[in-house]
Amino acid sequence: MRFEELNLPAEFTFALNELGLTTCTEIQEKMIPLAMQGVDIVARSETGSGKTFAFALPALCGVNTEDRATQVLVLCPTRELCVQTVKEFRKLCVKKEGCRAVAVYGGEGMERQIFDLKKGARIVVGTPGRILDHIDRRVLKLGGVKTLIFDEADEMLSMGFQKEIDKVLKKVNPERQTLMLSATMPESVKKLAQTYLKSPVTVEVAPKTLPIYHTYFTVGRKEKQRALTEYLAKYRPHTALIFCNTKKMADTLSNYLTGEGVTHGLIHGEIPQPRRIRAMEEMKKDGGYLVATDVAARGIDIQNVDVVINFDMPQSAEIFAHRVGRTARAGKSGNAVTFINTPPQKGEYMRLLTEIGATAKEGKLSASLSYEEELPTRGKFAPQSGKKPVKGGFPKGKGQGKPFRKGGNENRSRQEKKASVLMEFSHGKPKASFSKSKEQPSQKRASGKNYSKK
């Protein structure tokens, strides 16, 4: 369907033509006509499907520019998504005077946001916590809201915004229209829809058919960073998103890449907003590599991501789907790479693949190490060889070195034993070995007594 068939106001048709957009995406074709009828909608569509214009266009059609009240409220999980959404609204409002869109979110001073709100903001896009702050300060009044929009509802709930959402909605005009959009539809989102939407119509778009090729690499924990740099050097992706689970890990990885001379950007919750925006804009323009946490990556709108790299394992199927959904856009297939460290992690990875309906192949790098070699020789994750442990040494099994022998081997210094074990476990081939114990100059022992720890 073409946009001109939707009977949109002329100013929005002009804006779409200026953007070079003439044909609706599937979610836009299904959702816009329903939304313009004023019904409540629950829409499920994956990241990058055109959801923003699907809710922005019908919401803008109902805005009265002669009324200074806030008439459209969009709740987003992160500041990046707020900024990106406001940009999309402004693109559509280029010919509609007085239709101001303002973003409000945490991590930025209140003064500028208060100034923008007091100037008159017909459209407000914000995170639930900061929206609540402005309500409490009596700067933002929501009694005139005509359209309420939940963008990325699943992520907002997974981030723990339920209480803030409840408080905000108590202040919103009850006679509003409500649109809820989500990439996934867990029970928490269904419950939210039942609570706040009136007889909603469900719109669902099947996942795109463009393939995402999943590959995993088995690497030791201490080899992940080296494995990443080897992957980037070997495959040379033009654009790569590298996901970490925590801000600390993102900082650690960024420092390592800097030390290796790998140019990249970094975004997480503690990075100043101007720097985060600059990193994303540079990636959009020139490509490159971006290290990010899941929360900070919300709102990244980059069409040509060659590969998504899960440096850390995603913690849920929803997070996994959001990560890999950032590749395979703009009519191109995509790639997703995951680093795995332990057998339990591999089992969890396979479960996540099953939940999102994907399969994966195992890749090989010179940095790849069998995770068995890095695990304890006893305990929960020890390789099970079916043989009993040898007294005074390690159980003999696959990937293990020989047990300590009594006699000279048993009397070796602690440092010699440690060095020998490390050498024997190095890729299964010892670089050197100790046949008999040699007295270390610094080792003091009485004649006939053994002081080494057993």
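The paragraphs below go through this predicted model, from the whole chain to selected helices and loops.

The protein is built from 17 helices and 14 strands. It has 454 residues, and 49% of them count as buried. Among contacts in the protein with a separation of 6 or more, 74% are between residues 24 or more positions apart. The surface that the protein exposes comes to about 23000 Å², and carbon and sulfur atoms supply 50% of that area.

One pair of helices can serve as a starting point. Helix α2 covers residues 26-35 and helix α3 covers residues 51-61; their axes come within 9 Å and cross at roughly 20°. Angles under 35 degrees count as roughly parallel, and α2 and α3 are therefore roughly parallel to each other. The crossing of α2 past α3 is right-handed. On the α2 side, the contact is made by Ile27, Gln28, Met31, Ile32 and Ala35. On the α3 side, Lys51, Phe53, Ala54, Phe55, Leu57 and Pro58 take part. Sorted by class, the contact of α2 with α3 has nine nonpolar residues, one polar residue and one charged residue.

Next comes a loop that leads to α3. Ser45 lies between strand β1 (41-44) and α3, in the loop that joins them. Its relative accessibility is 1%, so Ser45 counts as buried. Which residues are in contact with Ser45, leaving aside its neighbours within four places in sequence? They are Ile27, Lys51, Ser182, Ala183 and Val205. Two of these names have already appeared: Ile27 belongs to the α2 side of the helix contact, and Lys51 to the α3 side.

Further along the chain is helix α6, made of residues 128-136. Its buried residues are Pro128, Arg130, Ile131, Leu132, His134 and Ile135. Several elements help to cover these buried residues. The strands among them include β2 (72-75), β3 (101-104) and β4 (123-126). The helices include α5 (110-118), α7 and α8 (162-169). After α6 comes Arg138, which has a positive phi, near 60°.

The sign of that angle deserves a remark. Most residues other than glycine have a negative phi. Glu152 is another residue with a positive value, its phi being near 55°. Glu152 is found in the loop between strand β5 (147-150) and helix α7 (153-158). Is Glu152 buried or exposed? With 6% relative accessibility, Glu152 counts as buried.

Arg236 also has a positive phi, of about 50°, although it is not a glycine. Its place is the loop between helix α10 (224-235) and strand β9 (239-244). At 65% relative accessibility, Arg236 counts as exposed, whereas Glu152 counts as buried.

The last stop is helix α11, residues 247-259, where Thr252 is found. Thr252 has 36% relative accessibility and therefore counts as partly exposed. Along the chain, Thr252 and Gln225 are 27 residues apart, and their C-alpha atoms are separated by 9.7 Å.

Notes: Residues numbered from 1 in each chain as written. Predicted model: local features only at pLDDT ≥ 70, side-chain atom pairs only at ≥ 80, totals over all residues. Heavy atoms only, no water. Helix = DSSP H or I, 4+ residues; strand = E, 2+ residues; numbered from the N terminus. Buried < 20%, exposed > 50% of the residue type's maximum accessible area, 1.4 Å probe, protein only. Contact = heavy atoms within 4.5 Å. Areas by Shrake-Rupley, 256 points an atom, 1.4 Å probe, with all protein chains shown as cover. Axes fitted to C-alpha atoms, helices over the stretch in contact; angles between N-to-C directions. Parallel < 35°, antiparallel > 145°, perpendicular 65-115°, else oblique. Left-handed = near helix turned anticlockwise from the far one by under 90°. Nonpolar A, V, L, I, M, F, W, Y, C, P; charged D, E, K, R; others polar.
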